[in-house]
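Me: I have a chain open and want to go through some local details. Can you take my questions one at a time?

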Amino acid sequence: MKTKIVVASHNQGKVKEIKNLLKPFKFQVYSASDFDIKEPKETGKTFIDNSIIKASAIAKKSNLIAIADDSGLCVNSLEGKPGIHSARWAGSGKDFNLAMSKIEKELNKIKSKSKKKHRAHFCCALSLCFPTGKIISFQGRVYGYLQFPPKGLNGFGYDSIFIPDGYRKTFGEMNFSFKEKISHRQIAFNKLKKYLIKI
């Protein structure tokens, strides 16, 4: 019988990526929406805090193993913002075009004689929570810079303004399977793999 795992998210982009990462393990994968479970409020101060809050809540309500991701874009010139508030910058309607426009406006306010590219990084925290209460967490980061206007429709969130170091395309312009191999989520997931093998 296949082990059941719940992805503690209603964000279909995230659910798709995590399900794809879990494919080699032959788990029976569900999302929080399959159980009609609402996501808890993210009151943590770090990405790991929030991923634990989500994974713990879903594991408790579903009585299954839960995996949660908390990720976001951290912009150096904005002192790490939007960071853990990345989703909130998109508003209640999850409008990331609005969020990206907000970032551009904030950057335009910064007076600088330098024309250096705005450095940023994506951060992903993954937490695996068992019904017993055991929790395992890992973090991954990918560094790069921002470009405007947004380019590419293949990703989600802030993907279309982020160009990872060593590449000329935004995450939004990259093929999904390629982006997945170099993403912050993949980096965090690689650290988590040895625990998934034991399940």
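Reply: Let us start with a strand pairing: Gly144 has Pro164 as its bridge partner in S6. Keep in mind that this is a predicted model.

Me: How many bridges are there between S5 and S6, and in which sense do they pair?
Reply: Three bridges, in the antiparallel sense; S6 covers residues 162–164.

Me: And what joins S4 to S5?
Reply: Strand S4 (residues 119–129) runs antiparallel to strand S5 (residues 135–146), with 11 bridges between them. One pair is Cys124 with Gly140 in S5.

Me: How many residues sit between the strands of that hairpin?
Reply: Five, and Gly133 in the hairpin has a positive phi near 105°.

Me: Which residues have a positive phi without being glycine?
Reply: Lys26, at about 60°, and Lys94, at about 55°, are two. Lys26 is in the loop between H1 and strand S2, and Lys94 is in the loop between S3 and H3.

Me: Is Lys26 buried or exposed? And Lys94?
Reply: Lys26 is exposed, with 58% relative accessible area. Lys94 counts as exposed too, because its relative accessibility is 54% and the cut-off for exposed is over 50%.

Me: Where are the cis peptide bonds?
Reply: One runs from Lys81 to Pro82, with omega near 0°. Another joins Phe148 and Pro149, again with omega about 0°. Pro82 is in the loop between S3 and H3, while Pro149 is in the loop between S5 and S6.

Me: Switching to charges. What is the salt bridge count?
Reply: Nine. Glu17 and Lys179 make one of them, with the closest N and O atoms 2.6 Å apart. That pair links distant parts of the chain, since Glu17 is in helix H1 (residues 12–22) and Lys179 in helix H4 (residues 176–182), 162 residues apart.

Me: Are those two buried or exposed?
Reply: Glu17 is buried, at 1% relative accessible area. Lys179 counts as buried as well, because its relative accessibility is 3% and buried means under 20%.

Me: What does Lys54 pair with?
Reply: Asp70, with the closest N and O atoms 3.1 Å apart. Lys54 is in helix H2 and Asp70 in strand S3 (residues 65–75), so the salt bridge ties together parts 16 residues apart in sequence. Lys54 and Asp70 are both buried.

Me: Which salt bridge lies within one helix?
Reply: Glu106 with Lys109, where the closest N and O atoms are 3.2 Å apart. Both are in helix H3 (residues 96–109), separated by three residues, or about one turn of the helix. Glu106 is partly exposed at 27% relative accessibility, whereas Lys109 is exposed at 58%.

Me: Which residues are joined into a network by shared partners?
Reply: Lys14, Glu17, Asp69, Asp159, Lys179 and Arg185 form one network of salt bridges.

Me: Last one, Ser62. Where is it, and is it buried or exposed?
Reply: Ser62 is in helix H2 (residues 47–62). Ser62 counts as buried, at 14% relative accessibility.

Me: What does the side chain of Ser62 reach?
Reply: A polar atom of the Ser62 side chain lies 2.7 Å from the backbone oxygen of Ile58. The side chain of Ser62 also reaches the backbone nitrogen of Leu64, at 3.2 Å.

Me: And which residues does Ser62 touch, leaving out those up to four places away in sequence?
Reply: Val6 and Ile37.

Notes: Residues are numbered from 1 along each chain as its sequence is written. This is a predicted model: local features need pLDDT of at least 70, side-chain atom pairs count only at pLDDT 80 or more; totals for chains, interfaces and linings use all residues. Side-chain values use heavy atoms; hydrogens and water are left out. Helices (H or I, at least four residues) and strands (E, at least two) are DSSP runs, numbered from the N terminus. Buried means under 20% relative accessible area, exposed over 50%, partly exposed in between (1.4 Å probe, protein chains only). A polar contact is a pair of N or O atoms within 3.5 Å; within protein, one must be able to donate a hydrogen and the other to accept it, and residues adjacent in sequence count only if both atoms are side-chain atoms. Contact means heavy atoms within 4.5 Å. Two strands pair if DSSP finds at least two bridges between them. A salt bridge is a side-chain nitrogen of Lys or Arg within 4 Å of a carboxyl oxygen of Asp or Glu.
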